[in-house]
Amino acid sequence: MRNEDDTTPQEHRDDAAVSAPDTEADAPVTDPTETEAEAPQGAATAAGLSSPDAVGEQAVEHAADQDGDRTEDPDAEAAAQPAATEPETVAGIGAHDAAAAVAPAPRDDASAPTLGDVLVAIEELWPASLAEDWDAVGLVAGRLEQVIRRVVFAVDPTREVVRDAIERGADLLITHHPLLLRGVKSVAADQFKGGAIHDLIENHCALVTVHTNGDSAVGGVSDVLADILGLQNVSPLVPAAEGLPEEGIGRVGTLPDALALGDFASRVFGALPAVAGGVRVAGDRDGIVRTVAVCGGAGDSLFDAVREARADVFVTADLRHHPASEAREAAIEDRPYLVDISHFAGEWLWLPVAAEGLYNVLVDQGFAVEIGVSSINSDPWDFILTPGH
Ligand SMILES: [Zn+2]
């Protein structure tokens with residue numbers, strides 16, 4: 001959610017029904033040594049991301065068949081079973097893809113939407129009014145009349161992500177994090193942000209940001225996290241100032257069965273794409289957790305809300321020393337425990353859900369479009385050293 005900006009208040013949240021928590025939690029995490037060969041990004045590629053077929057091409061590229069009847073396309077049929085055939089797929093994602101594959105097929109006369117049409121659908125799903133004041137969401141580059149046949153979702157608008165989207169023939173790249181959050185005085189191509197802008201425009205690929213509006217909306221990052229972890233009775237940690245009661249920052253809910261903190265952390269680990277930093281935990285491994293607070297992205301501004309919700313554990317990203325240390329000092333009966341996850345990995349889980357949501361809205365409106373998820377791992381960390389390893 002909030003992004004990498006220490007000065008900004010909160011981060012993300014989102015929701016959306018992902019797959020059954022049990023299957024996600026139990027799904028094996030990919031062994032990078034087994035997937036490295038086929039993973040486009042090598043060992044640094046996150047499990048689940050390592051299989052672009054399982055994510056981008058399978059899940060969400062539905063409208064590919066030219067006669068508009070996807071259900072008769074054997075490739076599309078095959079795409080409906082990634083969970084069973086792609087053990088390296090991130091838990092939860094395969095089931096999502098399967099869900100996406102049963103989305104209504106475009107009409108025979110369906111035509112591709114314009115960028116303006118897609119922006120209307122985006123506003124329907126993730127209203128800009130839900131974005132934080134400091135945020136920069138919406139259209140970054142592109143002409144409204146441009147025809148959009150292929151869309152790619154990604155967490156970060158890095159040069160690698162942009163180039164990959166262009167190579168995949170995307171007319172529109174939708175990223176969670178803004179490319180241009182602060183004041184810009186130049187988009188010169190020899191600077192990385194300006195270079196990305198040039199790459200996009202020169203290749204007729206538009207760029208849209210869905211950031212804290214996507215966090216706050218139903219089906220945002222935190223909703224997806226809550227769902228994947230099996231939480232019930234989920235509500236926002238901080239309700240949106242303007243919006244529905246279920247919209248807002250972070251989520252809190254309860255596990256159907258209490259878990260030891262160590263087992264809960266294993267569930268978190270198993271649900272995420274594999275990244276170098278893994279998962280860090282503060283608290284007694286045998287401590288019992290039932291009430292769980294989550295916040296995709298950097299959520300260390302939410303400790304007051306987490307304590308108010310009486311959460312046993314708080315799952316978020318980018319926990320810095322002082323906020324984490326002070327939260328532990330202020331703990332009541334040692335709660336809340338802390339589970340610190342990769343910012344990228346936590347937010348990446350939202351992408352298939354977002355892609356499916358946008359696809360469904362556009363197809364319901366009679367448009368034909370392909371929507372995929374980037375296979376690029378943009379977590380900045382590559383390896384970690386820990387005692388004993
Ligand atoms: Zn973020």
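**Group meeting talk: two sheets, one core, one cis proline**

Of the chain's 389 residues, 54% count as buried. Keep in mind that this is a predicted model. The chain holds 16 helices and 11 strands. Now take the contacts between residues at least 6 apart in sequence. Of these, 75% join residues at least 24 apart.

Let's start with the sheets.

One open sheet has 5 strands, and its pairing is mixed. Read across, the order is β1-β4-β3-β2-β11. Which strands stand at the edges? They are β1, residues 138-141, and β11, residues 370-373. Each has a single partner strand, so one side of each has no neighbour in the sheet. Neighbouring strands here are turned by 25 degrees against each other on average, with direction ignored.

Look at the β11 end. Strand β2, residues 150-154, pairs with β11 in the parallel sense, over 4 bridges. One pair to find on screen: V151 has I371 in β11 as its bridge partner.

Now the other sheet. It is open too, with 6 strands in the order β5-β6-β8-β9-β10-β7. Again the pairing is mixed. The edges are β5, residues 232-239, and β7. Each of those has a single partner strand, so one side of each is left without a neighbour in the sheet. From one strand to the next, the twist averages 25 degrees.

Take the β5 edge. β5 pairs with β6, residues 248-260, in the antiparallel sense over 5 bridges. V238 stands opposite I249 in β6. β5 also holds an odd residue, N233. N233 is not a glycine, yet its phi is positive, about 50 degrees. Is N233 buried or exposed? It has 10 C-beta neighbours inside 10 Å, so it counts as exposed; the cut-off for exposed is 12 or fewer.

A helix lies over this sheet. Helix α12, residues 261-271, lies across β6, β7, β8, β9 and β10. It runs at about 125 degrees to β6.

Next, zoom in on strand β10.

β10 covers residues 337-341, and 5 of its 5 residues are buried. Y337, V339 and I341 point one way, while L338 and D340 point the other way. How does β10 pair with its neighbours? With β7, residues 280-282, the two strands run antiparallel, joined by 3 bridges. V281 has V339 as its bridge partner there. With β9, residues 313-317, the pairing is parallel, over 5 bridges. On that side, T316 stands opposite D340.

How does the chain get from β9 to β10? Through helix α14, residues 321-329: β9, α14 and β10 make a right-handed β-α-β unit. Two loop residues on this path deserve a look.

The loop between β9 and α14 holds D318. D318 is not a glycine, but it has a positive phi of about 60 degrees. With 20 C-beta neighbours inside 10 Å, D318 counts as buried, because the cut-off is 20 or more.

The loop between α14 and β10 holds P336. The peptide bond from R335 to P336 is cis, with omega near 0 degrees. P336 is buried too, with 27 other C-beta atoms within 10 Å. What does P336 touch, leaving out residues up to four places away in sequence? Its contacts are A293, V306, R307, A311, D312, V313, F314 and A331. P336 and V292 are 44 residues apart in sequence, but their C-alpha atoms are 8.9 Å apart in space.

V292 takes us to the core.

The largest nonpolar core has 96 residues. Those with the most contacts inside it are L172, L173, L237, V292 and V313. Helix α16, residues 350-364, gives the largest share, 9 residues. Why does this core lie between domain 2 and domain 3? Both domains give residues to it. Domain 2 is 115-214 plus 347-373, and domain 3 is 216-346.

Back to V292. Which residues is it in contact with, leaving aside neighbours within four places in sequence? The list is L229, L231, V252, G253, L255, A311, D312, V313 and V315.

Three things to take home. There are two open sheets, one of 5 strands and one of 6. A core of 96 residues lies between domain 2 and domain 3. And the bond from R335 to P336 is cis.

How values were computed: Residues numbered from 1 in each chain as written. Predicted model: local features only at pLDDT ≥ 70, side-chain atom pairs only at ≥ 80, totals over all residues. Pairing = 2+ DSSP bridges. Right-handed = clockwise from strand over helix to strand, strands pointing away. Core = buried A, V, L, I, M, F, W, Y, C linked by C-beta atoms within 7 Å. Domains from an automatic or database assignment. Contact = placed C-beta atoms within 7 Å. Axes fitted to C-alpha atoms, helices over the stretch in contact; angles between N-to-C directions.
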